[in-house]
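Visitor: Please take me through one part of this model in close detail. I would like to begin with a charged pair and then go on to the ligands and the empty spaces.

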Amino acid sequence: MYRYNEFDTAFVRQRVAQFSGQIDRRLDGSLTEDEFRPLRLMNGLYLQLHAYMLRIAIPYGTLRADQMRQLAHIAETWDKGYGHFTTRQNIQFNWPKLTDVPAILSALADVGMHSIQTSGNCIRNVTADHFAGAAADEIEDPRPVAEMIRQWSTDHPEFQFLPRKFKIAVIGSAHDRAVTRAHDIGLRILHQNGVAGFEVIVGGGLGRTPMLGPVIRPFLPKADLLPYLEAIVATYNLLGRRDNKFKARIKITVFENGLERFRDLVEQEFIRRRASFNGAAAEILAEIAPFFAPPAFKAADPAPFAAAYAVDGLFRAWADTNLVPHKRADHAIVTVSLKAHGETPGDASAAQMRALADLADAYGYGELRISHEQNVILPHVARADLPAVHEALRRVGLATANVGLLSDIIACPGMDYCALATARSIPVAQEIATHFKAIGLEREIGQIKIKISGCINACGHHHVGHIGILGLDRAGVENYQITLGGDHTETAAIGERAGPGFAYDAVVPAIERVLRTYLALRRATDETFIETFRRLGAAPFKQALYGDEARDAA
Amino acid sequence: MSRRFTPKVLTANDLRKGDVIYLTADGRWSRQHNEAELIDDEAIAELRLLEAMGQSAHIVGPYLADARPGPNGPEPLHFRETFRTRGPSNYAHGKQEADHVPL
Ligand code: HEM
Ligand code: SF4
């Protein structure tokens with residue numbers, strides 16, 4: 001995995017020293033809050049409802065065992081013994097004291113981690129497929145490119161004060177597991193006639209005005225990536241609206257100017273910039289690529305897997321939901337669910353983080369991944385070792401067999417933590433999970449994505465959930481809007497609003513009505529919710545939600 | 001005539017710890033909402049806010065929040081402010097832990 005070179009290390013240490021000085025000056029009164037706020041945000045430090053929150057980047061979701069152990073150490077030493085993994089492959093600590101932040105940042109720097117550019121109007125943590133380097137359907141590991149983008153974008157002098165935040169995602173498989181069309185720039189690695197390159201998507205985003213990004217370049221040769229990215233960001237930097245925060249994202253720039261005009265400007269800028277890059281990408285990539293070389297896989301007879309699968313029902317249930325094929329037949333990718341029924345989606349205790357680090361060392365070549373779906377992945381586990389891994393996960397409460405099922409919910413922090421929230425999201429997720437477990441319908445319902453946000457900013461990706469839930473404040477009361485038919489994959493779609501919102505207590509019954517309707521209407525048990533929805537449209541589900549009012553309103 | 005003024009409490013976060021705090025009638029910062037001064041005069045509320053803005057060495061983000069009188073002192077009106085009086089709903093953290101505020 002990528003290890004910092006001297007330049008990276010010195011840069012991160014210097015940043016810690018600078019920010020420590022800034023905190024001191026804030027505490028002794030030489031900096032006002034107005035002066036300090038942008039500085040703390042540049043270092044990922046927010047003020048939330050009850051405390052500060054520190055957001056730490058996990059670039060392209062890749063984490064080493066020693067880094068995970070350090071996160072456990074931070075959770076125990078300076079926080080309340082847990083961390084929250086987010087949809088942007090970050091981890092957030094919800095309770096740091098301002099005075100402890102320098103120590104936390106030093107501890108992070110010790111393992112090559114930081115909070116730089118996890119906030120502010122700059123290029124944020126680059127996200128990628130959480131199965132990168134392991135997936136059977138992979139064309140190419142997206143991480144060397146993501147790392148190159150990280151190096152290029154970190155402290156990029158031209159792009160520190162963009163009109164608004166800027167998010168890039170990279171995928172190297174036919175299946176899109178990085179929601180590329182909901183990013184400011186989405187990159188899909190393609191091989192065309194033996195040449196490696198990208199499909200480049202621009203101007204996607206969720207939030208207040210959800211949009212799926214259109215393709216700006218169907219094929220961009222790999223060597224041209226950096227000048228092309230620069231051309232896009234530079235064009236946006238000049239053209240993007242700074243007069244209105246709600247119109248400042250690149251999705252609005254592309255939309256208001258039209259894709260053609262925007263593309264023409266980018267292509268002109270690209271020609272100007274390309275010469276100065278002089279093919280640097282190839283050199284940088286050649287340097288980076290060895291860090292992402294696959295581990296020395298050990299060949300192992302998968303017989304113990306088959307034996308456990310035949311006799312152990314719990315193991316079988318877990319294997320059926322939490323494993324996906326690895327590029328090697330004798331290995332598997334393990335998704336460790338952070339969605340135990342009734343727990344907070346994405347939270348892991350320090351003990352759980354350590355257990356995951358230990359498992360990565362013992363059975364997973366020291367590698368871990370964080371998914372945008374708020375789970376942890378052991379990307380390379382020999383099939384023979386899966387029964388032992390499952391047993392170890394059970395001991396720390398991490399063997400929940402629900403990946404891809406109803407309780408595998410994305411939920412943003414909502415009004416339990418976030419200062420911008422208009423309603424809570426976590427307890428809604430908890431109640432959906434426990435309710436459907438209690439009535440025993442989860443397995444029956446099968447594959448479904450429920451995603452919950454606590455305000456219009458859509459950090460919980462509700463627009464692309466098969467069922468999306470958006471918490472709002474309606475005249476001083478929590479109220480939840482339901483969207484149906486969203487899709488976060490290569491067939492991305494923005495869900496449509498079903499109708500008026502529901503009171504807090506009415507959300508779970510409403511979801512149950514939708515899902516019972518699905519069970520009644522599906523053609524066969526293997527027709528998933530989203531397939532049934534696509535076949536029948538929203539009408540029967542609106543009927544289930546609103547009864548005959550739905551027809552009157554239609 | 002303007003609308004009737006909804007009484008306010010002055011609230012902020014503690015600079016070092018981030019904890020939610022409230023201004024009391026005798027000018028202290030309390031961690032308990034019910035100890036806050038309930039301000040029912042708009043001019044005084046604005047004045048308190050200005051004064052608080054000058055205390056940035058100890059506090060961050062002061063603002064006025066709607067409140068009403070209750071048997072044990074001021075009570076919040078909006079659910080966001082109610083959550084701020086205790087902490088998150090998924091763990092007994094924040095004030096639920098340090099000060100044992102009953103839910
Ligand atoms: C308290 C901390 C947070 C704050 C203040 C915050 C703020 C925001 C804001 C203002 C937006 C809308 C940006 C725009 O449309 O211009 C946004 C979008 C988003 N945030 Fe957050 N957020 C927070 C936590 C999170 C968390 C915990 C996650 C992951 C679980 C997350 C992931 C995202 C994503 C995926 C989007 C939508 C995609 C997009 O940028 O269009 N955020 N956030
Ligand atoms: S969606 Fe809203 S409530 Fe949820 S984390 Fe984002 S800003 Fe906060």
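Guide: This is a predicted model. Start with the salt bridge between R69(A) and D361(A), whose closest N and O atoms are 2.9 Å apart. R69(A) sits in helix α3 (residues 65–78) of chain A and D361(A) in helix α12 (residues 350–363) of chain A, so the pair ties together parts that are 292 residues apart in sequence. Side chains of opposite charge can pair when their charged atoms come close. Over all chains, the count of salt bridges comes to 50.

Now go to ligand 1. Around ligand 1 there are 21 residues. Those that come nearest are Q48(A), T87(A), K167(A), R249(A) and C459(A). By class, this shell has 8 nonpolar, 7 polar and 6 charged residues.

Look at the polar side chains there. K167(A) has a side-chain N or O atom 2.7 Å from an oxygen atom of ligand 1. For K165(A), a side-chain N or O atom is 3.1 Å from a nitrogen atom of ligand 1. R164(A) places a polar side-chain atom 3.3 Å from an oxygen atom of the ligand.

Next, the metal. The iron atom of ligand 1 has C459(A) as its only protein donor. The donor atom is SG, at 2.2 Å. C459(A) is found in a chain A loop, between β17 (450–453) and β18 (467–474).

C459(A) also leads to ligand 2, as one of the residues around that ligand. The others listed there are C412(A), P413(A), G414(A), C418(A), L420(A), A421(A), S453(A), G454(A), C455(A), N457(A) and A458(A). The shell around ligand 2 divides into 8 nonpolar, 4 polar and no charged residues. The shell around ligand 1, by contrast, includes 6 charged residues.

Turn to the second largest pocket. Its volume is about 780 Å³. It is lined by 35 residues, and the closest to its centre are F131(A), R177(A), V324(A), Q447(A) and K449(A). Four elements of chain A give two or more residues to this lining: α11 (313–322), β11 (323–325), β12 (331–336) and α17 (529–536). The lining has 11 nonpolar, 15 polar and 9 charged residues.

Last come the enclosed spaces. The structure holds 5 cavities of 30 Å³ or more. The largest cavity has a volume of about 90 Å³. Its lining includes A57(A), P59(A), H114(A), I116(A) and Q117(A). Also in that lining are I123(A), R124(A), N125(A), V126(A), R150(A), S153(A) and T154(A). By class, the lining of the largest cavity has 5 nonpolar, 5 polar and 2 charged residues.

The second largest cavity holds about 70 Å³ of space. H114(A) and I116(A) are among its lining residues, and both also line the largest cavity. The rest of the second lining is V12(A), R15(A), V16(A), N43(A), L105(A), L108(A), M113(A) and S115(A). In chain A, α1 (6–27) and α4 (101–110) each supply at least two residues of this lining. α1(A) gives the most, with 3 residues. The residues of this second lining divide into 6 nonpolar, 3 polar and 1 charged.

To recap the path: R69(A) and D361(A) form a salt bridge. C459(A) is the only protein donor of the iron atom of ligand 1, and C459(A) is also among the residues around ligand 2. H114(A) and I116(A) appear in the linings of the largest and the second largest cavity.

Terms used
Residues are numbered from 1 along each chain as its sequence is written. Chains are lettered from A and ligands numbered from 1 in the order in which they are written. This is a predicted model: local features need pLDDT of at least 70, side-chain atom pairs count only at pLDDT 80 or more; totals for chains, interfaces and linings use all residues. Side-chain values use heavy atoms; hydrogens and water are left out. A residue is near a molecule or strand if one of its heavy atoms lies within 4 Å of it. A polar contact is a pair of N or O atoms within 3.5 Å; within protein, one must be able to donate a hydrogen and the other to accept it, and residues adjacent in sequence count only if both atoms are side-chain atoms. Ala, Val, Leu, Ile, Met, Phe, Trp, Tyr, Cys and Pro count as nonpolar, Asp, Glu, Lys and Arg as charged, and the others, Gly among them, as polar. On a 1 Å grid over the protein atoms alone, a cavity is a set of points where a 1.4 Å probe fits but cannot get out, and a pocket is an open set with protein on both sides within 12 Å along at least five of seven lines; lining residues have an atom within 4 Å of a point. Grid points are joined across faces, edges and corners, and a volume is the space filled by probe spheres set on the points. Donors are N, O and S atoms within 2.8 Å of the metal (3.2 Å for Na, K and Ca); water is not among the atoms, so sites may look incomplete. A salt bridge is a side-chain nitrogen of Lys or Arg within 4 Å of a carboxyl oxygen of Asp or Glu.
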